[in-house]
2 protein chains.
Amino acid sequence: MSTHQKQRITIIGSGNWGSAIARVCAANARKFSDTFEPEVRMWVYEEQIDGQNLTDIINQKHENVKYLPGIHLGDNVKAIPDVKEAAKDTNILVFVLPHQFVYGVCETLCDVIPKENCRAISLIKGLDYRDENLLIFSEEIEKILGIHCAALSGANIASEVAEEQFGEATIACRESSDGDLFLKLFHTDYFDITVIGDWRGLQVCGALKNVVALGAGISEGLKYGNNTRAAVIRRGLVEMRKFGKSFFGGVHTETFFESCGVADLITSCSGGRNKKVAAAFVQSDKSIEEIEKEMLNGQKLQGTTTSQEVFNFLKARDMLDEFPLLTTVYRIIYEKEPAESIALCLRTHKLD
Amino acid sequence: MSTHQKQRITIIGSGNWGSAIARVCAANARKFSDTFEPEVRMWVYEEQIDGQNLTDIINQKHENVKYLPGIHLGDNVKAIPDVKEAAKDTNILVFVLPHQFVYGVCETLCDVIPKENCRAISLIKGLDYRDENLLIFSEEIEKILGIHCAALSGANIASEVAEEQFGEATIACRESSDGDLFLKLFHTDYFDITVIGDWRGLQVCGALKNVVALGAGISEGLKYGNNTRAAVIRRGLVEMRKFGKSFFGGVHTETFFESCGVADLITSCSGGRNKKVAAAFVQSDKSIEEIEKEMLNGQKLQGTTTSQEVFNFLKARDMLDEFPLLTTVYRIIYEKEPAESIALCLRTHKLD
């Protein structure tokens, strides 16, 4: 990384989390004006709000009225409807968009971004399932764009970060010089960043915690108590680690002690939407898709998709039995396995 | 351990948890009648209930009407008011009593129990603070009685175990033959036991989790959100591990992935009394002792005592700064440090 040139920042995405994170970056771009260009460009998929362009509203009011209402993003956030224009000559690309759009956007950007002195960081949750394989998004971005890509994940509810409530997050990257730069860009007094090297473990956690959260929701829907809930979360953590270590090189136990690991898991199992929908699913006769529609207003659950992908991945390897919790969540949701199996699957020894 | 002789079981203690665990042991003593004597003796500190001895009520109704009402303990649980009689010629001593009584009881038992073919297991929570040192109860029992002592801990709310809701627990012991025996005595289809070797780590977790739970309560009392709560729990887990590894030999990272580690911590930070009292403390002007009295009906919080002991222990070693969460919980409760420090103390880097 060259330190002679100020770093231009582009946020790719402008949803709830994208807007909250743009606000963090905008404050740090101002604070470290020797390192960063003050203007933070944010690609916004154009929408009409009461006859006005969302980008125009954001650039006038400095507020994303649709996805993060009531929060001042900073005067130096510039909304741009054209992704190529937003990313042109940038030095730092922050990917924070739904994972189904990643490949399309990356291919669009391929010819626009500089190959020198440009790096990316992925805030995308989930893994990409292709040909019975699970791919890590930061590595896919690296392949397509030909630049380094780090990843950020943690126990972060977007609105709380936007309100400057204290929280932590983890950044994982290959190069320590990239780590220093991203620390400067994301760390604040209320958003405490730890930099680690295990980008695969971080992203495995970000995907699998949603499946465990479905398990916690199933347990809650059955009115099971604290002991069962704690067992589901713990065994989820253990299976997440086993999954990471079994199928991805370089995954470390320490990663699971970071915010991206145990902390994010606890948050997702306490109040996230995966937990809520799974609890409602258990208490009704409807399919998960129907419950999803009713409760989420057209949005899709990430945990259910990941659950299917993980199941197919394990099945292709004949390893379903080695991940009883992850497997049982899938079977309860998609194969009419009784919900009670969420506890029964955790039994280990038989002493009869 | 001799396998020729059936093992006699004695429960030392008959509170809420002691009664629930006596019930588990009684069922397994029946189930494995080749290994265990069917009668499970339970030492009960004699009390009068409506003019009747509590021991008589238990032996007639097979129910501890005072401490675990509504639960059938098993016909083969025998309540005995004399601790020497309860422990005479026993092979397995299950210690499950408040820690302030441990030494007195052990000294009473010293001459009664056989030195051969007798072993103990401690379900006592907390560590013993003496001369600026923290001692492990299972090791203290070993020293006084001259027999091996294992330990059991986990994410276990007594009433849920008594109702046969699924949960997990961890047993730690030096000898694998003891582990096999205790597994047989405690494991059931709904109470899933894992045996490990790290008895110190297990007991450090059981003590320190209560201090972290106070921290979670402080955060809740301040109306802080999920991100802060997750950060407090995570940093608590990290400090528990650091504490264990720094001051006690043989403490392993794996222990913190067991039920006695992360699972028990999550349960204590979600609904335990330490959390509740700390939340109320933050929202009032009263001292912690006053709140304790109002909320707990004369019972004492374990977390506050442990917090004082841990603070004094660290202070004597000039290591307060290395455990910011544990230290800050103490200072908020006893030194009028502003409650907001519970989040501020977690900040790491300063980038100014």
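The following paragraphs describe a predicted model, beginning with the relation of chain A and chain B and ending with single residues. Residues are numbered from 1 along each chain as its sequence is written, while chains are lettered from A and ligands numbered from 1 in the order in which they are written. Local features need pLDDT of at least 70 and side-chain atom pairs count only at pLDDT 80 or more, whereas totals for chains, interfaces and linings use all residues; side-chain values use heavy atoms, with hydrogens and water left out.

A turn of 180° with a shift of 0.0 Å along the axis lays chain B on chain A with an RMSD of 0.0 Å, which is the relation of a two-fold axis. The superposition is by least squares on the C-alpha atoms of residues with pLDDT of at least 70 in both copies. The residue of chain B that comes closest to the rotation axis is I266(B), whose C-alpha lies at 3.9 Å.

The two chains meet in an interface where 51 residues of chain B are in contact with 51 residues of chain A; contact means heavy atoms within 4.5 Å. Because 100% of the interface residues of chain B are also interface residues in chain A, the copies meet through the same surface. The size of an interface is often given as the accessible area lost when the parts come together. Here chain B and chain A bury about 4400 Å² between them, and 54% of this is on carbon and sulfur atoms; the area is computed with a 1.4 Å probe and summed over both parts.

Between the chains there are 10 salt bridges, each a side-chain nitrogen of Lys or Arg within 4 Å of a carboxyl oxygen of Asp or Glu. In one salt bridge, the side chains of R234(A) and E168(B) meet at 2.7 Å, N to O. On the side of chain B that touches chain A, at least two residues each are supplied by α6 (158–162), β11 (167–172), α7 (176–186), β12 (191–196), α9 (226–247) and α10. Helices (H or I, at least four residues) and strands (E, at least two) are DSSP runs, numbered from the N terminus. The largest share of that side, 12 residues, comes from α9(B).

Helix α9 of chain B also holds E239(B), which counts as buried at 5% relative accessibility. Buried means under 20% relative accessible area, exposed over 50%, and partly exposed in between (1.4 Å probe, protein chains only). Leaving aside neighbours within four places in sequence, E239(B) is in contact with F323(B), P324(B), L325(B) and L326(B). In space, E239(B) and V282(B) are 23 Å apart, C-alpha to C-alpha, with their positions 43 residues apart in sequence.

V282(B) is one of the buried residues of α11(B). This helix, residues 273–282 of chain B, is mostly covered, with 7 of its 10 residues buried. What covers these buried residues includes α8 (199–221), α10 (259–271), α12 (288–296), α13 (302–316) and α14 (324–334) of chain B.

In chain A, strand β5 (residues 77–80) contains A79(A), which counts as buried at 4% relative accessibility. Beyond residues up to four places away in sequence, A79(A) touches M42(A), V44(A), T55(A), I58(A) and N59(A). The C-alpha atoms of A79(A) and R41(A) are separated by 6.1 Å, although these residues are 38 residues apart along the chain.

Conventions
Buried area is the accessible area (1.4 Å probe) that two parts lose on being put together, summed over both.
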